[in-house]
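New to this one? Take a moment to look at the sequence and turn the model around, and then read on for a guided walk through it.

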Amino acid sequence: MARDNETTVAEFLLLGLSGNSEQEEVVFGMFLGMYIVTISGNLLIILAINHDPHLHTPMYFFLANLSSVDICFSSVTIPKALVNQVLGSKSISYTECMTQIYFFITFINLDGFLLSVMAYDRYVAICHPLHYTLMMRPRLCVLLVVVSWVITNLHALLHTLLMVRLTFCSHNAVRHFFCDPYPILKLSCSDTFINDLMVFTVGGVIFLTPFSCIVVSYIYIFSNVLKMPSTHGIKKALSTCGSHLTVVSLFYGAILGVYMRPSSSYSLQDTVATVIFTVVTPLVNPFIYSLRNRDMKGALRKIILRC
């Protein structure tokens, strides 16, 4: 009898962050403005690094990749929400939703891996300055980025395939502006134990590995910095890490509170937290890295004057 009452879901309804139409218009304006600034800011970072030979170093190579990923990350979720608002629709097809989940998982984890690679780069620059050029060879830098892409795509494929095997019945309304995996899992009328298990095992490893690398890198960095006899040397060393630490704190602070729990405990507060790392973090990254970096500000100034 239960099988007879099941209906295959062909689409999901994205209810947004608020059920109020007036509030949704305000959210639309905010998202549109933030998306434009995100794309523009990260593109400027990429152009500045590409056009300035002084920035052709491992640190800026990783930063350019991070900016590229942030553009992709924002483009996975925000455009669909904006289009739906313009068309007066809340629907997203099942295929689009699964595709969105795949790329969402890919880019959110890729952000973490790139942040860990950048932390390792800062560790080598501060703790082994004389061997920096030898240790951070161009081939190694490219290899670190490629491996990050491969791992995150395989991880996303695993979770997407596990999501596809689930059955979704009559309930298809998602209180979110995109297909976040946790709210989608809550809609399933199948047993999601395997999905939750994979989140805490494989997902936990993929999440905690780069996070652990960041923590260990900064433990070595701070222990090395504290041994410096000059206060000027300490300030200079910490200034190169300040921007990265700010981004790491913002990114991981929001994620830890949302995804390191069972999907059944997902709440409205978690929905607000996801906005921080899906919308706010890609937006502020260009400002954090450019405002605190003299070389980057100089390169951006050249790009703007050329225009």
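## A walk through the model

Let's start with a cysteine: Cys97 is buried, with a relative accessible area of 0%. Keep in mind that this is a predicted model.

What is Cys97 bonded to? Cys97 forms a disulfide with Cys179, and the two sulfur atoms are 2.1 Å apart. Cys179 counts as buried too, at 0% relative accessibility. The link of Cys97 and Cys179 is left-handed, with -125° about the S-S bond. This pair ties together distant parts of the chain: Cys97 belongs to helix α3, while Cys179 is in the loop between β3 (173-174) and α6 (181-187), 82 residues apart.

How many disulfides turn up in a search of the whole structure? The search finds two, so let's turn to the link between Cys169 and Cys189, with an S to S distance of 1.9 Å. That link of Cys169 and Cys189 is right-handed, with 80° about the S-S bond. Here again distant parts of the chain are linked: Cys169 lies in the loop between α5 and β3, and Cys189 lies in the loop between α6 and α7, 20 residues apart. Cys169 counts as buried at 15% relative accessibility, whereas Cys189 counts as partly exposed at 37%.

Here are both links in one place.

| Disulfide | S to S distance | Angle about the S-S bond |
|---|---|---|
| Cys97 and Cys179 | 2.1 Å | -125° |
| Cys169 and Cys189 | 1.9 Å | 80° |

If you count the bonded cysteines along the chain, the disulfides follow the pattern 1-3, 2-4. Two more cysteines are worth a glance: Cys141 counts as buried at 4% relative accessibility, and Cys213 is partly exposed, with a relative accessible area of 38%.

## Rings that meet

On to the aromatic side chains. The count of aromatic pairs comes to 18. Among them, Phe103 and Phe107 have ring centres 6.1 Å apart and planes at 20°, so this pair is stacked. The cut-off behind that label is that planes under 30 degrees apart count as stacked. Both residues sit in helix α3 (residues 94-127), and because they are four residues apart there, about one helical turn separates them.

Are Phe103 and Phe107 buried or partly exposed? Phe103 is partly exposed, with a relative accessible area of 35%. Phe107, at 6% relative accessibility, counts as buried.

Phe107 also pairs with Trp149, and this time the arrangement is edge-to-face: 6.0 Å centre to centre, with 90° between the planes. The pair brings together distant parts of the chain, with Phe107 in helix α3 and Trp149 in helix α5 (residues 138-164), 42 residues apart. Trp149 is partly exposed, with a relative accessible area of 33%.

There's an aromatic cluster to look for as well: Phe31, Phe73, Phe104, Phe177 and Phe178 form one.

## The nonpolar core

Which residues have the most contacts inside the largest nonpolar core? They are Phe12, Leu63, Leu115, Ile184 and Met296, in a core of 83 residues. Helix α3 supplies the largest share of this core, 18 residues.

Zoom in on Leu63 and you'll find it touching Ile45, Ile49, Met118, Tyr289 and Met296, leaving aside residues up to four places away in sequence. Met296 is thus both a contact of Leu63 and one of the residues with the most contacts inside the core.

## Helices and the record

Helix α7 (residues 193-200) has four buried residues to pick out: Asn195, Asp196, Met198 and Val199. Why do they share a side of α7? They cover an arc of only 160° around the axis, which puts them on the same side of the helix.

Finally, what does the record say? An unreviewed UniProt entry places the feature "transmembrane region" at residues 26-48, 60-81, 101-120, 140-158, 197-221, 242-260 and 272-291. Two of these spans can be checked against the model. Residues 26-48 are 100% helix and 0% strand, with the end C-alpha atoms 33 Å apart. Residues 197-221 are 96% helix and 0% strand, and their end C-alpha atoms lie 35 Å apart.

Conventions: Residues numbered from 1 in each chain as written. Predicted model: local features only at pLDDT ≥ 70, side-chain atom pairs only at ≥ 80, totals over all residues. Heavy atoms only, no water. Buried < 20%, exposed > 50% of the residue type's maximum accessible area, 1.4 Å probe, protein only. Helix = DSSP H or I, 4+ residues; strand = E, 2+ residues; numbered from the N terminus. Arc of directions from axis to C-beta. UniProt positions renumbered as here; feature names shortened; annotations may be inferred. Phe/Tyr/Trp six-rings, centres within 6.5 Å; stacked < 30°, edge-to-face > 60°. Disulfide = S-S within 2.5 Å. Core = buried A, V, L, I, M, F, W, Y, C linked by side-chain atoms within 4.5 Å. Contact = heavy atoms within 4.5 Å.
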